[in-house]
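Notebook open, coffee ready. I want to look up a few things here and jot down what I find.

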2 protein chains.
Amino acid sequence: MISLAEENYLKAIYSLNQIQQGGASTNAVAEKLDTKASSVTDMLKKLSEKKLVNYTKYQPASLTNRGMAIAIDVIRKHRLWEFFLVEKLKFKWDEVHEIAEQLEHIRSSALVDRLDSFLEYPKFDPHGDPIPDKEGRINKIHDTVLSALPIGEEAHIVGVKEHSNSFLQYLDAVKLVLGTRVKLINRFEFDQSAIVQIAGKENITISFDISKNLYIKFI
Amino acid sequence: MISLAEENYLKAIYSLNQIQQGGASTNAVAEKLDTKASSVTDMLKKLSEKKLVNYTKYQPASLTNRGMAIAIDVIRKHRLWEFFLVEKLKFKWDEVHEIAEQLEHIRSSALVDRLDSFLEYPKFDPHGDPIPDKEGRINKIHDTVLSALPIGEEAHIVGVKEHSNSFLQYLDAVKLVLGTRVKLINRFEFDQSAIVQIAGKENITISFDISKNLYIKFI
DNA sequence: TAAAATTTTTAGAGTTGCCTAAAAATGATT
DNA sequence: AATCATTTTTAGGCAACTCTAAAAATTTTA
């Protein structure tokens, strides 16, 4: 039996190993879960005994196959619930994370299966993150960002790399939401800020920080 | 902040005070929550300090207004989720209790409001139990049971008093589901078993134990 | 109404998951 | 390579919730 706390640790270790930068060090996990390093050490020992993580003292942790399967299952539930909240209950994309953090821990495989079917097997959540299927297969995450779009080229916004509410709210305000078509008008060498045309209409200037956190797909 | 365990105690005390028989004694609560009497005593003290239950040693507990409001809120969530599971996800009425026991603890009033709206403000859950509204107003529970239906009279099944899976599965098997029209053909004095006509069609014999656990509404 | 049976409470302890403070190991710097 | 800074672990403890065993109160029964 996996506790709620354990599930959160597995999820944190998973996501820290997805992004580059050093993997799931004790401190990184502590920061991600807003807890103390000593608590993380305790839990890593426990998860290691349970054969859910690979852990040797003073080394970053990684997931075993069993741990990976559980983490992916939790992520599947999180993203399906997010999709439900936005598509069916009409929440905005910056309102769903916290609620999905709770819903992802509901234990019932029948529930997840039926939810998946009710939602007609969505492939991506409201932030563009891929939803793992029943067998844990997961589409590769998008890897091209808007900051890599050459001048004059067009693309669609397909995901966000940063999930903070303030970022999502900014995107809403400037209409840079998922599915939007963008064209790169110009980019300034000085600070890598860029002028983009949104949906064939108005031009806006966005900072490098914005454009490097938006996943795109070339048209 | 109310913990999950506290919510379960409040719900148990609420339901024990709804039915007759002695109210929420320490042992009754312990049995309901499948725990030990000593644990209940501890928790009653704690809830009493938090002014959520009225408790004096060696006496059955009851809910304060605040405790009542919380209990009703949890029940509202439970029944809304049950409705969702049956109506939208196509679960059967004997499959939803355990899942709703988990979902009822999700904390987000926005979620409950939007779920309620998505479901179009249902008044009764899949077992015929009334769903409290946002303000905690709750329809009176049905009070007439099939065992009180006079011979020759007709009624609709509107709820179940007993919620065990085996009972619900029995009802499915003999088609005594919610909304079914029944006519009382005969009742035997010996054991109070009865012959009922189901939906104007076949007659079946049901025991007293069945008929006293089915709520009806006269036609 | 006194003894017996039952219910309830108290006392002490275990588990999980977290904390602080201090010690130990690692890594960076000169 | 020795010192300094950072990271990680250890040690000891706390809060929530549970348990068992024993004591105390209440209720039942004779």
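**Entry 1: the DNA strand**

Note to self: I'm working with a predicted model. I began with Lys57(B), where a polar side-chain atom sits 2.6 Å from a phosphate oxygen of DNA strand C. Then I checked Lys45(B) and found a polar side-chain atom 2.6 Å from a phosphate oxygen of that strand, too. For Thr41(B), I got 2.7 Å between a polar side-chain atom and a phosphate oxygen of DNA strand C.

How many residues surround DNA strand C? I got 20, and the closest are Ser3(A), Lys46(A), Lys45(B), Tyr55(B) and Lys57(B). So much for single residues; next I looked up their classes. The surface near DNA strand C has 9 polar, 6 nonpolar and 5 charged residues.

Which part of the DNA faces the protein? I looked at the atoms of DNA strand C within 4 Å of the protein: 77% belong to sugar or phosphate, and the rest to bases.

I also wanted to know which helices supply this surface. From chain A, helix H1 (4-18) and helix H3 (37-49) each give at least two residues. From chain B, helix H2 (26-33) and helix H3 (37-49) each do as well.

**Entry 2: two helices of chain A**

H1(A) and H3(A) turned up above, and I wanted to see how they sit against each other. Their axes come within 11 Å and cross at roughly 95°. An angle of 65 to 115 degrees counts as roughly perpendicular, so that is what I call H1(A) relative to H3(A).

Which residues meet there? On the H1(A) side I listed Ala5(A), Glu6(A), Tyr9(A), Leu10(A) and Ile13(A). On the H3(A) side they meet Ser39(A), Val40(A), Met43(A), Leu44(A), Lys46(A) and Leu47(A). By class, I have 8 nonpolar, 2 charged and 1 polar residue in this contact. Lys46(A) is on my list for the DNA as well, as one of the closest residues to strand C.

**Entry 3: a sheet in chain B**

Next I traced an open sheet of 5 strands in chain B, with the order E6-E5-E4-E3-E7 and antiparallel pairing. Which strands are at the edges? They are E6 (203-206) and E7 (214-218), and each pairs on one side only. On average, neighbouring strands are turned by 45° against each other, direction ignored.

I zoomed in on E5 (194-198) and E6(B): 4 bridges join these antiparallel strands. In one of them, Ile195(B) has Thr205(B) in E6(B) as its partner.

Last lookup: helix H7 (165-173) of chain B packs on this sheet and touches E3 (154-160), E6 and E7. The direction of H7(B) makes about 150° with that of E3(B).

Methods:
Residues are numbered from 1 along each chain as its sequence is written. Chains are lettered from A and ligands numbered from 1 in the order in which they are written. This is a predicted model: local features need pLDDT of at least 70, side-chain atom pairs count only at pLDDT 80 or more; totals for chains, interfaces and linings use all residues. Side-chain values use heavy atoms; hydrogens and water are left out. A residue is near a molecule or strand if one of its heavy atoms lies within 4 Å of it. A polar contact is a pair of N or O atoms within 3.5 Å; within protein, one must be able to donate a hydrogen and the other to accept it, and residues adjacent in sequence count only if both atoms are side-chain atoms. Ala, Val, Leu, Ile, Met, Phe, Trp, Tyr, Cys and Pro count as nonpolar, Asp, Glu, Lys and Arg as charged, and the others, Gly among them, as polar. Axes are lines fitted to C-alpha atoms, for helices over the stretch in contact, and angles run from 0 to 180 degrees between N-to-C directions. Angles under 35 degrees count as roughly parallel, over 145 as roughly antiparallel, 65 to 115 as roughly perpendicular and the rest as oblique. Contact means heavy atoms within 4.5 Å. Two strands pair if DSSP finds at least two bridges between them.
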